Amino acid sequence: MRNQLIKKLEQKGINDPVVLQAMAKVPRHFFLDEAFLEHAYQDKAFPIGEGQTISQPYTVAVQTQLLQLSPGLKVLEIGTGSGYQCSILAELGCKVYSIERIKSLHDKAKSLLTHMGYKVNFYCGDGTLGIPAHAPYDRIIVTAGAPIVPDSLLNQLNNNGMLVIPVGDTGTQKMLRITKGQTGSIQTQEFGNFSFVPLKGTNGWK
Ligand code: SAM
């Protein structure tokens, strides 16, 4: 079923082999409650409790591909949720920091990924502020829909770094990739419409 999902992602235009390999390796069914196993390899988002969702596999693939990852890069993820996206980042050999505002989701994801053998630095708190103590990051990925691009995140991005963030209203957001140049200049590219749960917090929705 996982291989069929990977074929579907390829048909939808995902062509980075390392992203496809990582998604072929990580068992997405570990991230859903046992009662919903048959949903794990469908290309759709699914509830994970607390009104939150595990992102659609296609969305995970798009965001991961946009990040242009390679082993050793320091990556900050805002919105740990189930921990699935986080496991893909770790599988790609990145040094991952992941922050979630809801304690029960943070606890569950931390316990699952530790059990799966991934070494990730988990934090519970308001990710719209980033994690200044460990900045700068080579990559930042936001997995909830933001009203604006928070300056706090741009400030914590390394030169030559990239921030991938969905920005818009609470219904639909545009996927943005913001690249910081060698001298700190900013370039923004758009990659289609998506629909995420809201990014809540100081620099997000109230
Ligand atoms: N990456 C997740 C996954 O693979 O399951 C997707 C999770 S869901 C689409 C977005 C998550 O962002 C939710 O768990 C939500 O609680 C979290 N979130 C929203 N605002 C946040 C904030 N300010 N800081 C940290 N997490 C936040």
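## Surroundings of the ligand

A residue counts as near a molecule or strand if one of its heavy atoms lies within 4 Å of it. In this predicted model, 28 residues surround the ligand, and the closest are Gly79, Ser82, Glu100, Gly127 and Lys200.

Several backbone atoms come within the limit for a polar contact, which is a pair of N or O atoms within 3.5 Å (within protein, one must be able to donate a hydrogen and the other to accept it, and residues adjacent in sequence count only if both atoms are side-chain atoms). A polar backbone atom of Gly127 is 2.8 Å from a nitrogen atom of the ligand, while for Gly79 a backbone N or O atom lies 3.0 Å from a ligand nitrogen, and for Arg101 a polar backbone atom is 3.3 Å from a nitrogen atom of the ligand.

## Basis of the model

Residues are numbered from 1 along each chain as its sequence is written, and side-chain values use heavy atoms, with hydrogens and water left out. Local features need pLDDT of at least 70 and side-chain atom pairs count only at pLDDT 80 or more, whereas totals for chains, interfaces and linings use all residues.

## The open sheet

Seven strands (DSSP runs of E, at least two residues, numbered from the N terminus) form an open sheet of mixed pairing, in the order β5-β4-β3-β6-β7-β8-β9, where two strands pair if DSSP finds at least two bridges between them. The edge strands, β5 (121–124) and β9 (186–194), each pair on one side only, and the twist from one strand to the next averages 15 degrees.

At one edge of the sheet, β4 and β5 run parallel and are joined by four bridges, and Ser98 stands opposite Phe122 in β5.

## The largest pocket

A pocket is found on a 1 Å grid over the protein atoms alone, as an open set of points where a 1.4 Å probe fits, with protein on both sides within 12 Å along at least five of seven lines, and its lining residues have an atom within 4 Å of a point. The largest pocket is lined by 36 residues, of which Gln52, Thr53, Thr143, Ala144 and Val197 lie nearest its centre. Among the elements that give two or more residues to this lining are β2 (52–54), β3 (74–78) and β4 (95–100), and β2 gives the most, with three residues.

Conventions: Axes are lines fitted to C-alpha atoms, for helices over the stretch in contact, and angles run from 0 to 180 degrees between N-to-C directions.
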